[in-house]
Amino acid sequence: MPNSAAHPTASEMTLAYELHGNCYLNITWHCTLRCAFCPKFNGTWEVQGYDLLITREPSVEALLTAIGDPTPYKEIVFCGLGEPTLRLDTLLTVAQAMRAAGKRVRVNTDGLANLVHGRDVTPELAAVVDSLSISLNAQDEATYVRHTRPKREGAFAAVQAFAVRAREAGMEVTLTAIDGLEGVDIAACEAIAGQLGVKFRRRVLDRVG
Ligand code: SF4
């Protein structure tokens, strides 16, 4: 964690950032995982040239102001150095506004929302979200736990159950894993996605999107 003297003020925080023609939203810095490969645990909050350190949780109004006119963007993507479903109400409200503006909405997530919230939130998400990109991260629990250091028991199974519920709720679901992480078998991860009836995408370390 950078020292407090380097913390951005509210007006300096990067709440919305443009990548690949999409608008990415950075709505929290909190996570259920503590991934060993995460930039924020490796001395920087910078991703693709954007400093994603935020020091307080932005309001719906602040996020809508940061987006501005969504017309130019192909997609609105909830994805920062934090888990967006931890702020479910804010996510749902902003997503609803973007859907009303005719935008596609994607959430990049750890897939632990049902575990954390203690109920199935996929119907609420499906009402305003088109697609989910869910970090499977590994082909087995031991490898998953080693790389992601979850704060809760049962996370690896919970991710897979969430993916199935999300598909059944009507969202387009893609599981992802990072190629090149020690012990991660990309082909085996892809096979799990196939068994769960969802898509798979191989990711490259430190590349957001
Ligand atoms: S879930 Fe994402 S933001 Fe959170 S610790 Fe892991 S890599 Fe970092």
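1. Which residue with a positive phi follows H2? In this predicted model, the residue is Gly102, with phi near 85°. Helix H2 itself covers residues 88–100. Its 13 residues reach 18 Å from the first C-alpha to the last, close to the 18 Å expected at 1.5 Å a residue.

2. The buried residues of H2 include Leu88, Thr90, Leu91 and Leu92. Val94, Ala95 and Met98 of H2 are buried as well. Their cover comes from several elements, with strands E2 (22–25), E5 (75–78) and E6 (104–109) among them. Helices H1 (60–67), H3 (113–117) and H4 (122–126) also belong to that cover.

3. Ile76 gives a view of the same region from strand E5. At 0% relative accessibility, Ile76 counts as buried. With neighbours within four places in sequence left aside, Ile76 is in contact with Met98, one of the buried residues of H2. Other contacts of Ile76 on that count are Cys23, Leu25, Pro70, Lys103, Arg104, Val105 and Arg106. Tyr24 is 52 residues from Ile76 in sequence, yet the two C-alpha atoms are 6.0 Å apart in space.

4. Tyr24 also belongs to an aromatic cluster, in which ring pairs link it with Tyr17 and Tyr50. A search of the whole structure finds three aromatic pairs. One of them joins Tyr17 and Tyr50, with the centres 5.1 Å apart and 50° between the planes, a tilted arrangement. Tyr17 lies in strand E1 (residues 16–19) and Tyr50 in strand E4 (residues 50–51), so this pair ties together parts that are 33 residues apart in sequence. Tyr17 is buried, at a relative accessible area of 3%, whereas Tyr50 is partly exposed, at 26%.

5. Tyr144 and Phe156 form a further tilted pair: the ring centres are 5.3 Å apart and the planes stand at 50°. Tyr144 is in helix H5 (residues 141–148) and Phe156 in helix H6 (residues 155–168), so the parts tied together here are twelve residues apart in sequence. Both rings belong to buried residues.

6. Phe156 can be followed a little further. The relative accessible area of Phe156 is 9%, which places this residue among the buried ones. Not counting residues up to four places away in sequence, Phe156 touches Leu136, Ala138, Gln139, Asp140 and Glu141, together with Tyr144 and Ile192. Leu181 is 25 residues from Phe156 along the chain, and their C-alpha atoms are separated by 17 Å.

7. Helix H6, where Phe156 is found, has 14 residues. At 1.5 Å a residue these should span 20 Å, and the end C-alpha atoms are 20 Å apart, which agrees. Apart from Phe156, the buried residues of H6 are Ala155, Ala158, Val159, Gln160, Phe162, Ala163, Val164 and Ala166. Just after H6 comes Gly170, with a positive phi of about 110°.

8. Positive phi values also occur in residues other than glycine. His20 is one of them, with phi near 55°. This residue lies in the loop between E1 and E2 and counts as partly exposed, at 43% relative accessibility. Arg149 is another, with phi near 45°. Its place is the loop between H5 and H6, and at 36% relative accessibility Arg149 counts as partly exposed.

9. Which ring does Arg149 lie over? The ring is that of Phe41: Arg149 lies over its face, at 5.8 Å from the ring centre. Phe41 is also one of the residues around the ligand.

10. The rest of the ligand shell consists of Cys31, Leu33, Cys35, Phe37, Cys38, Lys40, Leu81 and Gly82. By class, the shell divides into seven nonpolar residues, one polar and one charged.

Methods:
Residues are numbered from 1 along each chain as its sequence is written. This is a predicted model: local features need pLDDT of at least 70, side-chain atom pairs count only at pLDDT 80 or more; totals for chains, interfaces and linings use all residues. Side-chain values use heavy atoms; hydrogens and water are left out. Rings of Phe, Tyr and Trp (its six-membered ring) pair if their centres lie within 6.5 Å; planes under 30 degrees apart count as stacked, over 60 as edge-to-face and the rest as tilted. Helices (H or I, at least four residues) and strands (E, at least two) are DSSP runs, numbered from the N terminus. Buried means under 20% relative accessible area, exposed over 50%, partly exposed in between (1.4 Å probe, protein chains only). A charge sits over a ring if NZ of Lys or CZ of Arg is within 6 Å of the ring centre and within 35 degrees of the ring normal. A residue is near a molecule or strand if one of its heavy atoms lies within 4 Å of it. Ala, Val, Leu, Ile, Met, Phe, Trp, Tyr, Cys and Pro count as nonpolar, Asp, Glu, Lys and Arg as charged, and the others, Gly among them, as polar. The expected span of a helix is 1.5 Å times one less than its number of residues. Contact means heavy atoms within 4.5 Å.
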